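Please work through the following exercises with the sequence and the structure at hand. Each task is followed by a solution in steps.

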Amino acid sequence: MRTLPKSIVSWVALGLSALAVAACATGGDPLTSRTEYDTLVPGWDSKFAIDFKVERAQDGTSRVYGRIYSHYGEFASRFRVLGMAVDEGGKVFGQRIAPVPGDVPGFSQVYFEIDHLAAAASYKVTVWDYTFIEAQGTLQ
């Protein structure tokens, strides 16, 4: 039985690795493409709802503020929201992550604000991330 030389096997492995990397690469900016990431916690909208308003600041930026409503019975700690400035074409061109002061107790509502967001045609706010506190000393 004849075996392939090691150099051929190495080149084939290298070629397959390069192909895999190229297939995973995107052609545009990953933060502003259609496959942008707008949360680190998929499914957050089954536990929380967000209501917000926008106010123009004197420095030309915008302040997004509102309330987060918890529909889930666990205390959410280290809660952060992502505010996105969206142009007329639906493309995100500015974003900021802001912590929610006081975290989010279960079945309640809390105030949040995101300052110095770029002036835009419209805005989008999502839950960026959080950690549930199930029992004292236990994080999920």
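**Exercise 1.** Determine which residues ring pairs link into a cluster, and describe the pair formed by Phe48 and Phe79.

*Solution.* Step 1. The cluster held by ring pairs consists of Phe48, Tyr72, Phe79, Tyr130 and Phe132. Rings of Phe, Tyr and Trp (its six-membered ring) pair if their centres lie within 6.5 Å; planes under 30 degrees apart are stacked, over 60 edge-to-face, and the rest tilted. The model is predicted: local features need pLDDT of at least 70, side-chain atom pairs count only at pLDDT 80 or more, and totals for chains, interfaces and linings use all residues. Residues are numbered from 1 along each chain as its sequence is written, and side-chain values use heavy atoms, without hydrogens and water.

Step 2. Seven aromatic pairs are found in the whole structure. In one of them, Phe48 and Phe79 meet edge-to-face, with 5.0 Å between centres and 75° between planes.

Step 3. Phe48 counts as buried (under 20% relative accessible area, with exposed over 50% and partly exposed in between; 1.4 Å probe, protein chains only), because its relative accessibility is 1%. Phe79 is likewise buried, at 1%.

**Exercise 2.** Establish which ring face Lys47 lies over, and which one Arg63 lies over.

*Solution.* Step 1. The criterion is NZ of Lys or CZ of Arg within 6 Å of the ring centre and within 35 degrees of the ring normal.

Step 2. Lys47 lies over the face of Tyr72, 5.3 Å from the ring centre. Arg63 lies over the face of Tyr65, at 4.4 Å from the ring centre.
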